[in-house]
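Work through the exercises below with the model open beside you. Try each task before reading its solution.

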Amino acid sequence: MDLNSYCRPVSNPNPTKKRSFLNANYGDDENNEEEPTHESKATTELKRKCIDYHSPAVIDLSSRLYRKSNRRSHAAVPGGSGAAAPYLQCHSNYLRWMGLPLGDMVGNAPCSVAFLTYCAHVTRAKNSNPVIQTCDVPRNQWHVRCLSWTPGGRRLLTGNQEGEFTLWDGINFSFELIMSAHDQSFRCMAWSHNQNYLLTSDSGGNIKYWSPSIAPVQSIDSHDGQPIHALSFSPADTKFVSCGDDATVRVWDWASHREEKLLEGHGWDVKCVQWHPRSSVICSGSKDNLVKLWDPRSGSCLSTLYGHKNTVTKVAWNDNGNWLLTASRDQLIKLYDIRAMKELCSLKGHHKEVTSISWHPVYETVFASGGMDGTLIYWNIGPKGSDEPAAKIPYAHDMAIWDMKWHPAGHLLATGSNDRQTKFWARNRPGSKQGLDDDGLDVDGGAGTYDTEIIHAEMELGNHVGIVIGRRGATIIAMQRQTKTKMHVDQIRRVLQIEGTARQIETVKKRVGALLERVSSDNDDRGASMGGFGGF
């Protein structure tokens, strides 16, 4: 076997041009290259932007050929410490291509792998600018409600407000397909553990079965026509559970499509539910601020957790089966140990409602959370972790992050938002600290110094003073917390007064400008559609 074939670096498609990994514009070089004349199609495709997880996997496998067996590692280390020692090293020319393989990472998750703060790509819903639009369906409702990676992680499925599937390539992020799936708005989607079927639900109480080729198999109407917010499979994939706005949790038989148990006990809409990864336990969260644990066989409530003071928006079991994560509109994330039925920690990092959470598929102490204001936060908890955010991206999206899913390999995170965008997050480029230092703010142009000079600036608001202030001042208060500035709205002059550093003021103006532009665009579209009805 030729070992060099496993570690051979990828050839440069343009041999006359050097590729620098430390260049800030690396990855954008293809925009400045000349058109290829005699290169093959395969070589040309190498120039496309992509996040390729196959190469690090192959490198990880090949690197094992250069190591001794763990049973003999004690003989290779002086003193018999038992630590793994390199038996044979690759040639130095190939070492720079050796990434950070998952097999060599033990203990705490490295920042460069687990905390994905670099925005690799942004996709926009294909129907975000509809040609024909009625006055009762404003444009800002065409947003991404839920998303999920296909088995193997080669593609990403997103569901929007119009009940449509959108399929994106998971490697080069190109658009592949859009198709109608539900008559009403998407609410959630969940793959079976054996990856043979997909379940989806909508706001009309309809549940559908899909094959891996995205072909419809079965349709069920339930929950009295109320929205179904969450679906989850049992460990054996023979049952699944659903919850909805009828304040019930229902257990279904997969093969017969029948409802087996009706779990009643919540006093309001049930917003989330998830089956334990290995046991016969179901967890649900509701608008009555309660988290309940159920026995699906008897239909009885096992325990109730009273930790939150507002609607419980998400619950998530850790893969170890012992930790339960809950998120709420009280801006808190709580971690419970169900073995002792006690709260391990309460995480404070969001300034508005927490709308989505997701555990890392590789590192059991790492998870990501998204907020109503578009903030994306990475956490590392546990004995060697911290209760403080490990990395934070204040402006990941312009609006609420409704759903997020990790790639099965853990190298990508996909987020879907109310701003009609789906974003792919990857690890930082070498030398970049985006999101890892002081919330990513106030860095002076990459020079490594902080701009501490406080200046004052103003921004005209026109007729949108109330939009910037928000309900009871919620919008301006949240923006002050995020940007660490002082802001005041002069309602007589209709201007926004800002006090902070130059970088902070620039960030505030960009955010407020995007908000006003979106509001003006929505008003124009609504006025045009109403004009089509004779001004009614």
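Five exercises follow, each with a worked solution.

This is a predicted model, in which local features need pLDDT of at least 70, side-chain atom pairs count only at pLDDT 80 or more, and totals for chains, interfaces and linings use all residues. Residues are numbered from 1 along each chain as its sequence is written, and side-chain values use heavy atoms, with hydrogens and water left out.

**Exercise 1. Overall picture**

Task: State how many helices and strands the protein has, and what share of its residues is buried.

Solution. Begin with secondary structure. The protein has 9 helices and 31 strands. These are DSSP runs, numbered from the N terminus: helices are H or I with at least four residues, strands are E with at least two. Next, take burial. Of the 536 residues, 47% are buried. Buried means under 20% relative accessible area, exposed over 50%, and partly exposed in between (1.4 Å probe, protein chains only). Finish with the surface. Its accessible area is about 26,700 Å², and 49% of that belongs to carbon and sulfur atoms. The areas come from the Shrake-Rupley method with a 1.4 Å probe; for residues, only the protein chains shown count as cover.

**Exercise 2. Salt bridges**

Task: Find what K239 pairs with, and which parts of the chain the pair ties together.

Solution. Recall the rule: a salt bridge is a side-chain nitrogen of Lys or Arg within 4 Å of a carboxyl oxygen of Asp or Glu. The whole structure holds 12 of them. K239 meets D253, at 3.0 Å from N to O. Now place the partners. K239 lies in strand β11 (residues 239-244) and D253 in strand β12 (residues 248-253), so the bridge ties together parts 14 residues apart in sequence. K239 is partly exposed at 23% relative accessibility, while D253 is buried at 13%. Extend the view: K239, D253 and E260 form a network of salt bridges.

**Exercise 3. A second bridge**

Task: Locate K271 and D245, and decide whether they are buried or exposed.

Solution. Check the distance. The closest N and O atoms of K271 and D245 are 3.6 Å apart, in a salt bridge. Then locate each end. K271 sits in strand β14 (residues 270-275), and D245 in the loop between β11 and β12, 26 residues away. Both K271 and D245 are buried.

**Exercise 4. Cysteines**

Task: Count the disulfides and examine C283.

Solution. Use the cut-off: a disulfide is a pair of cysteine sulfur atoms within 2.5 Å. The whole structure has 0 disulfides. For C283, the nearest cysteine sulfur is that of C272, 7.0 Å away. C283 is buried, at 0% relative accessibility. C119, by contrast, is partly exposed at 23%.

**Exercise 5. Cores and a helix face**

Task: Describe the largest nonpolar core, then explain why the buried residues of α8 line one face.

Solution. Define the core. It is a set of buried Ala, Val, Leu, Ile, Met, Phe, Trp, Tyr and Cys residues joined through side-chain atoms within 4.5 Å. The largest has 17 residues; A368, L376, Y378, L413 and W425 have the most contacts inside it. Strand β26 gives the largest share, 3 residues. Another core, of 16 residues, lies apart and includes I476.

Now turn to helix α8 (residues 474-483). Its buried residues are I476, A478, M479, Q482 and T483. Seen down the axis of α8, they fall within an arc of 160 degrees, so they line one face. The arc is that of the directions from the helix axis to the C-beta atoms. Just after α8, K484 takes a positive phi of about 60 degrees.
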